[in-house]
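Q: I would like a close look at one part of this model, taken slowly and then set in its surroundings. Could you walk me through it?

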Amino acid sequence: MVTKVPPRPAPPRRTLRLQLAAGVVAATLTAVPHVARAEDDKSGGTTLTVAVSQSVDSLSPFLAQKLTSTSIHRLAYEYLTNYDPKDARTVPGLATEWKPSPDKLTWTYTIRGDSYWSDGTQATAEDAAWTFNKMMTDPNAATANGSFTANFEKVTAPDPRTLVIRLKKPQATMTALDVPIVPKHVWEKVGDFSKFNNDRQFPVVGNGPFVITDYKVDQYIKLKPNKRFWRGVPKFDELVFKYYKDGDAAVAALQKGEVSFVPNLTPAQADALKSQKNIKVNDAPGRRFYALATNPGARAQDGRTFGNGHKALLDPAVRKALFLAVDRTTLVDKVFQGHAVEGEGYIPPRFGSYFWKPDGGQERTYDPEEAAKVLDAAGYRKNADGKRVGKDGRPLDFRILCHATDPNDKAVGKYLQEWWGELGIGLRVECLDSVSDPWVKGDYDLAFDGWSVNPDPDYVLSIHTCGALPATPKDSGATDNFICDKEFDGLYARQAVEYDTAKRADLVKRMQSRLYDTGYMNVMAYPNALEAYRTDRIASITTMPEAAGNLWGQDGYWSWWSAVPAASASGGSEGGGSSTGVIVGIGAAVVVVVGLGVVLGLRRRSTADDRE
């Protein structure tokens, strides 16, 4: 049966995918008179400026894994399919229809005829086939999204409107392939995909709603509307992502009107902004988890180990004791001040069908006395100075990687120092602007970890499989934390081929249970999306989901594509978008991301933002 979603005469306004801590935003905002400010383009156009704190790891869709980077690619390139902002169901993207064969091993996609690259060339099935084939044949091109194509046997384009993908075995993610399709005539000229960051020649050729026009490392990224975009031209004349290392500086810029949108607010910042004129605070259930990750012993697929992680953390008893001495309730109340849900399983409760929680006998509840008993029983006793020592006589003194731009990491770190100190365990909190280098080298003991989860959870599950490990210690890999567990891998393989939604959801829950039992990660909280924007800049904008959803970090381009400048809010649905939804706006249809850095190698979160 062919799956086809008919085009809508007036597509509802959707929120583009930029990961800000989001909150509940009203469905429609009343337009307010636009006040000219520093954000307005000197040429008379409107500019939407978004404050970001996370550096760009790469502008290459084949390498980028950080949320800011992948959000930019959502704007610049089409994917085969997209997610409806209302309920996250699959809707057309570059493909208008898709049909599986009876055995589910062959998928045929119809490519739309009205998608054009920004240089005027028509986008065709050949572009999609080339993108996937490159990922299948060049390991460097599979760095970011190789899990989606690992099961592909053959990809062809028999004609410009037809894409055919042959699978080795059934694959449940064929309507959720979150892979940017790139123009073959541009990318086939690239040599080494491990070194090409797509940041030397502008404008960058793409077929999404925006075109990347300029980029300065850790300063900004600028984008302008793609006048050929099939769904309609964005209403802002420029979109700018501006880098702010300090969150308070970003909030001050919002108050001054220098930026129009700020994500990842602290509870104190959000409370202070609620009473500010022309500023709206959005507080909504988030799609991220916030966790403690332990170094399980960094290793590569060739069997070699590397890094300097503390050997005591290889002992399940030590990890169990540490996690028993973490009071998640206190963290939600004191650090997040109620703007979060206490952590349990790996996937946030927002994704109801996949949400899992441990049962009573399995759950690690806060119990410092039991933690001490576990350590004593395992042979880690206190010396005369009250310090726990290992079987080798070494004190249990650990390091934890902390994102310097994330106040939550620092606050939680202080609590951990107190709680673990009472056990006789030392903790040094190492806050860095970028945690990428030590993380990919395995030079850490613990780390603050977090990812944004997509409607289909396959990707965030795949990063804990053995196949995600780097091929050698010198290579990059998609692994999150060097976890490799055969039981988890077996469950992952089963869910990947299961088309029955209920059965697949059960397998995903079993995977989370297994991950929980391995004791390598402790999900402490599911933070709300806390973000704020200027209502005198943005007349309307779409959240995702439309009811109580976020604006930054969406599964799609809806927010920034739909945003209507306050000055033109009453101008109807120009460009194919409606004015329903919440507007986050700063005038202009050019997107500029300011202050994003490029890092080679395995991409790691450098702030509270993370992978999509």
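What is the torsion about the S-S bond of Cys402 and Cys431, and which handedness does the disulfide have?

A: Happy to take you through it, with the reminder that this is a predicted model. The torsion about the S-S bond of Cys402 and Cys431 is about 80°, so the disulfide is right-handed. This pair links distant parts of the chain, with Cys402 in strand β16 (residues 397-403) and Cys431 in strand β17 (residues 426-432), 29 residues apart. Their sulfur atoms lie 2.2 Å apart, which is inside the 2.5 Å limit for a disulfide.

The two ends of the bond have their own surroundings. Cys402 has 0% relative accessibility and therefore counts as buried, since buried means under 20%. Cys431, with a relative accessible area of 33%, is partly exposed.

The count for the model comes to 2 disulfides, so it is worth looking at the other pair too. Cys466 and Cys484 are bonded, with 1.9 Å between their sulfur atoms. Here the torsion about the S-S bond is about 100°, so the disulfide of Cys466 and Cys484 is right-handed. Both cysteines sit in the loop between α12 (458-462) and α13 (486-496), 18 residues apart. Cys466 is buried, at a relative accessible area of 9%. Counting bonded cysteines along the chain, the disulfides follow the pattern 1-2, 3-4.

From Cys466 it is a short step in sequence to the largest pocket: Gly467 and Ala468 are among the residues nearest the pocket's centre, together with Gly146, Ser147 and Ala150. This pocket has a volume of about 1100 Å³ and a lining of 46 residues. The elements that give two or more residues to the lining are α2 (125-137), α3 (146-149), α12 and α13. Of these, α13 provides the largest share, with 4 residues. By class, the lining holds 22 nonpolar, 17 polar and 7 charged residues.

Two of the helices at the pocket, α2 and α3, also lead us to the packing of the interior. Thr149 belongs to helix α3 and, at 4% relative accessibility, counts as buried. Leaving aside residues up to four places away in sequence, Thr149 touches Phe132, Met135 and Met136. Seen from the other side, and with the same neighbours left out, Phe132 touches Thr149 along with Leu80, Phe152, Val155, Leu163, Ile165, Leu177, Val179 and Ile181.

Phe132 is also one of the residues that touch the most other members of the largest nonpolar core, a group of 94 residues; the others named for this are Tyr109, Leu163, Ile165, Phe241 and Trp560. Helix α2 gives the most to this core, with 6 residues. Apart from it lies another core, of 38 residues, including Tyr290, Leu292, Val318 and Ala525. As background, nonpolar side chains in soluble globular proteins tend to be buried together.

Finally, a step back to the whole chain. Its secondary structure comes to 15 helices and 23 strands, and 62% of its 612 residues are buried. Among contacts between residues at least 6 apart in sequence, 77% join residues at least 24 apart. The bond we began with, between Cys402 and Cys431, likewise links distant parts of the chain.

Notes: Residues numbered from 1 in each chain as written. Predicted model: local features only at pLDDT ≥ 70, side-chain atom pairs only at ≥ 80, totals over all residues. Heavy atoms only, no water. Buried < 20%, exposed > 50% of the residue type's maximum accessible area, 1.4 Å probe, protein only. 1 Å grid on protein atoms, 1.4 Å probe; cavity = no way out; pocket = protein on both sides within 12 Å on 5 of 7 lines; lining within 4 Å. Points joined across faces, edges and corners; volume = space filled by probe spheres on them. Nonpolar A, V, L, I, M, F, W, Y, C, P; charged D, E, K, R; others polar. Core = buried A, V, L, I, M, F, W, Y, C linked by side-chain atoms within 4.5 Å. Contact = heavy atoms within 4.5 Å.
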